[in-house]
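Here are some notes to read alongside the model, written as numbered points. Please have the viewer open as you go.

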Amino acid sequence: MPVKKDASGNRSVEVEVEVPGTPEEVWRAVATGTGISAWFVPTELEERKGGTTVSHFSPDGSMDSVATITDWEPPRRFAAETTEQPGTVATEWTVETRAGGTCTVRVVHRWFASTDEWDDQFEGHTGGWLSAFRILRLYLASFSGQPCASFQVMGVSAAPKPEAWSTLTRALGFSSLAEGARVSTTAGTPPLAGTVVYAGQAEWPEQVLLQLDEPTRGSAFLMALAMGGRVYLTFRAFLYGEEALAIAERVEASWKAWFGEQFPPELPAHAAPTDAHE
């Protein structure tokens with residue numbers, strides 16, 4: 001979504017999604033640590049004004065996002081502030097009841113800047129939220145409130161993004177990624193099977209969301225992102241149920257090994273850089 005800005009330099013971007021559930025169910029999904037961790041990234045959240053929320057974007061803690069909760073109005077609204085490169089960034093979450101047993105979830109980022117330097121980065125955040133909100137919608141529709149275990153693995157490629165994505169999907173054995181199609185991995189790949197819930201559109205074709213029934217009930221999100229002259233291929237799995245943790249611990253190691261073989265984490269020094277716009 002485009003950045004909104006006024007003459008004084010105040011800027012904002014917002015994204016919203018309609019999801020199934022009561023306000024209380026949706027609030028638990030977007031305003032508690034266990035709820036957010038079940039569809040986004042591992043998160044701790046102190047449920048009070050003045051509390052701290054920490055989102056872990058990498059396992060080693062090197063990409064943690066830490067914010068202070070400035071408003072807390074369950075089950076409708078909360079806001080938090082963090083310090084990022086443009087300065088203070090305020091993020092507001094709202095849950096609005098709709099007819100038919102659904103709610104609208106809206107997230108708004110607000111910041112002040114005297115130049116347009118950070119506008120593209122914040123517009124990019126909206127694309128990330130749209131992808132995450134598809135996982136949220138699936139979670140609330142099929143797995144709400146269930147125990148969750150998640151993991152993420154990543155590979156890197158020097159090829160252009162469409163080629164890297166094609167290499168990944170072929171190696172997995174995914175012949176069709178049309179919405180509604182059944183997919184399953186081939187021999188030599190960790191077992192994975194499910195139905196395509198969302199397939200990337202023209203503006204970003206290199207992503208897919210699956211509803212899983214193997215290795216257990218859950219979801220998997222795969223995408224390719226060009227950044228810094230490389231293409232990063234991400235596989236994120238959310239597994240649900242009482243056995244989810246044990247299953248995740250077992251299969252995560254297999255996926256890490258497979259991605260390490262297919263897409264080594266370090267590129268050779270002579271590898272040609274990739275145009276981030278390809």
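1. A word on terms before the loops come up: helices and strands here are DSSP runs, with at least four residues for a helix (H or I) and at least two for a strand (E), numbered from the N terminus. On that basis, P215 sits in the loop between β12 (204-214) and β13 (218-227). Please keep in mind that this is a predicted model.

2. For the overall picture, the chain has five helices and 14 strands. It runs to 278 residues, and 47% of them count as buried. Among contacts with a separation of 6 or more, 52% are between residues 24 or more positions apart.

3. Two peptide bonds deserve a look. Most peptide bonds are trans. The bond joining P74 and P75, however, is cis, with omega at about 0°. P75 lies in the loop between β5 (64-73) and β6 (77-84). The bond from E214 to P215 is cis as well, with omega near 15°.

4. Staying with that second bond, E214 belongs to strand β12, while P215 is in the loop that leads to β13. Is E214 buried, exposed or partly exposed? Its relative accessible area is 35%, and because buried means under 20% and exposed over 50%, E214 is partly exposed. Leaving aside residues up to four places away in sequence, E214 touches P191, L192 and A193. The C-alpha atoms of E214 and P191 are 6.8 Å apart, although 23 residues separate the two along the chain.

5. Next comes the interior. How many cavities of 30 Å³ or more does the structure hold? There is one, and the volume of the largest cavity is about 30 Å³. Its lining consists of F151, L192, L212, P215, F235, A237, L239, V251 and W255. By type, these are nine nonpolar residues, with no polar and no charged ones. Two names link back to the previous point: P215, from the cis bond with E214, and L192, which E214 touches.

6. Which elements supply at least two residues of that lining? They are β14 and α5. The largest share, three residues, comes from β14.

7. Helix α5 (residues 244-262) is worth a geometry check. With 19 residues at 1.5 Å a residue, α5 should span 27 Å, and its end C-alpha atoms are 26 Å apart, so the two values agree. Even so, α5 has a kink of about 25°, centred on V251. V251 is also one of the residues lining the largest cavity.

8. What does α5 bury, and against what? The buried residues of the helix are A244, I247, A248, V251, W255, W258 and F259. They pack against β9 (148-157), α4 (161-172) and β14 (230-240). Among these buried residues, V251 and W255 also appear in the cavity lining.

9. Finally, there is an open site to look at. The second largest pocket holds about 190 Å³ of space. It is lined by 14 residues, and those nearest its centre are T34, G35, Y139, G145 and Q146. The elements giving two or more residues to this lining are α1 (23-30) and α2 (33-37). What is the split by residue type? Five are nonpolar, seven polar and two charged, whereas the cavity lining has no polar and no charged residues.

Terms used. Residues are numbered from 1 along each chain as its sequence is written. This is a predicted model: local features need pLDDT of at least 70, side-chain atom pairs count only at pLDDT 80 or more; totals for chains, interfaces and linings use all residues. Side-chain values use heavy atoms; hydrogens and water are left out. On a 1 Å grid over the protein atoms alone, a cavity is a set of points where a 1.4 Å probe fits but cannot get out, and a pocket is an open set with protein on both sides within 12 Å along at least five of seven lines; lining residues have an atom within 4 Å of a point. Grid points are joined across faces, edges and corners, and a volume is the space filled by probe spheres set on the points. Ala, Val, Leu, Ile, Met, Phe, Trp, Tyr, Cys and Pro count as nonpolar, Asp, Glu, Lys and Arg as charged, and the others, Gly among them, as polar. The expected span of a helix is 1.5 Å times one less than its number of residues. The bend at a residue is the angle between axes fitted to the seven residues ending there and the seven starting there. Buried means under 20% relative accessible area, exposed over 50%, partly exposed in between (1.4 Å probe, protein chains only). Contact means heavy atoms within 4.5 Å.
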